[in-house]
Amino acid sequence: MSMKKFLAGVLGGAIILAGGQTFANPPEVPDDDKAWQEEEAAHIGGWAKYFSEKYGVDSAQIEQALNDGVHISDIRQAAMLSKLSGKNFSEVLAMKVDWFQVAEKLGVTREQVMEFFKQEREEHFAKNSGVDVKTLRGLLNDGYEPHDIAIAGRIAQASGKDVKNVLSKRKINNTWEDVAKSFGVDMKKIMPHPPERVHGK
C-alpha cells in the first residue's frame with residue numbers, strides 16, 4: 001500500500017461508516033427481490049443508527065426519512081442543525097429550502113456550522129492518526145504538517161512512544177520509513193487499507 005493511498009485515507013475528511021459499508025458505497029443489489037429488500041433494510045438501519053448515535057437524534061425519524069427517499073446529505077445537514085439548535089430532527093428536515101436559510105431561522109450562525117465541521121474533521125483526523133484532538137491541535141499550532149502528524153502518530157501508536165519524539169526523528173536526510181524502522185515498526189503494518197471512497201476535505 002503506497003504512502004499516497006495511506007494519507008488519502010487519513011487526511012481525506014469525514015469517513016462515514018454505517019452497517020459495515022462506506023457511506024457512499026451502497027451494497028451490491030442481490031438478484032432476487034426479497035434478498036434486495038433485506039439488504040436495503042439492513043443498510044438503511046445502519047445509516048439510521050450511525051446518524052442517531054453521532055448527532056443524538058431519533059433513529060426512527062432518520063430511518064423514515066431514508067425510506068421516504070430523502071437525500072443522505074440533507075439528512076446529515078438536518079441532523080447537524082437539530083443537534084446545534086436542540087430542535088426536533090423531523091421538524092428541521094421539513095424546514096429545508098436552503099440549509100443556510102434554515103440555520104438562520106433556527107438561530108444557528110455560519111460560524112457555529114463552520115466550527116462544528118472543523119471539530120468533526122479534527123476528531124476524524126485525530127482518531128485515524130492515533131493522537132487525541134488536544135495533541136493534534138497543539139502540533140498543528142507548532143507548525144507540523146498534517147501528513148507528518150498522521151504518519152508520526154501511527155508510528156508512535158505502534159511503538160508506544162510519544163508522537164513528539166517520533167516527529168523529532170524525521171530529518172531532511174531520512175524518510176518516514178527510516179524513522180519507523182528506528183522504532184522497530186514495520187510501515188506496512190501501520191498502513192490500513194483506505195476506504196474506496198472518501199468524503200469531505
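I began with Ile 62 in this predicted model, and, leaving aside residues up to four places away in sequence, I found that Ile 62 touches Ala 48, Phe 51, Ser 52, Val 57, Ile 75 and Phe 89.

I then looked up the largest nonpolar core, which has 27 residues, and noted that Ile 62, Leu 81 and Phe 89 touch the most other members. The elements giving two or more residues to this core are α2 (33–55), α3 (59–67), α4 (72–85), α5 (89–94), α6 (99–106) and α7 (110–129). I also noted a second, separate core of 21 residues, which includes Leu 139, Val 166, Trp 176 and Met 187.

Next I went through the aromatic rings and counted four aromatic pairs. The ring centres of Tyr 50 and Phe 51 lie 5.4 Å apart with the planes at 75°, so I entered the pair as edge-to-face, and both residues are buried. For Phe 116 and Phe 117 the centres are 6.0 Å apart and the planes at 70°, so this pair is edge-to-face too; Phe 116 and Phe 117 are likewise buried. I wrote down Tyr 50, Phe 51, Tyr 55, Phe 116 and Phe 117 as one aromatic cluster, and added that the charged end of Lys 54 sits over the ring of Tyr 55, 5.9 Å from its centre.

Last, I turned to Asn 174, which lies in the loop between α10 (163–168) and α11 (176–182). Is Asn 174 buried or exposed? Its relative accessibility is 17%, and because the cut-off for buried is under 20%, I recorded Asn 174 as buried. The side chain of Asn 174 reaches the backbone nitrogen of Lys 171 at 2.7 Å, and, not counting residues up to four places away in sequence, Asn 174 touches Lys 169 and Val 179.

Key. Residues are numbered from 1 along each chain as its sequence is written. This is a predicted model: local features need pLDDT of at least 70, side-chain atom pairs count only at pLDDT 80 or more; totals for chains, interfaces and linings use all residues. Side-chain values use heavy atoms; hydrogens and water are left out. A nonpolar core is a set of buried Ala, Val, Leu, Ile, Met, Phe, Trp, Tyr and Cys residues joined through side-chain atoms within 4.5 Å. Buried means under 20% relative accessible area, exposed over 50%, partly exposed in between (1.4 Å probe, protein chains only). Helices (H or I, at least four residues) and strands (E, at least two) are DSSP runs, numbered from the N terminus. Contact means heavy atoms within 4.5 Å. A polar contact is a pair of N or O atoms within 3.5 Å; within protein, one must be able to donate a hydrogen and the other to accept it, and residues adjacent in sequence count only if both atoms are side-chain atoms. Rings of Phe, Tyr and Trp (its six-membered ring) pair if their centres lie within 6.5 Å; planes under 30 degrees apart count as stacked, over 60 as edge-to-face and the rest as tilted. A charge sits over a ring if NZ of Lys or CZ of Arg is within 6 Å of the ring centre and within 35 degrees of the ring normal.
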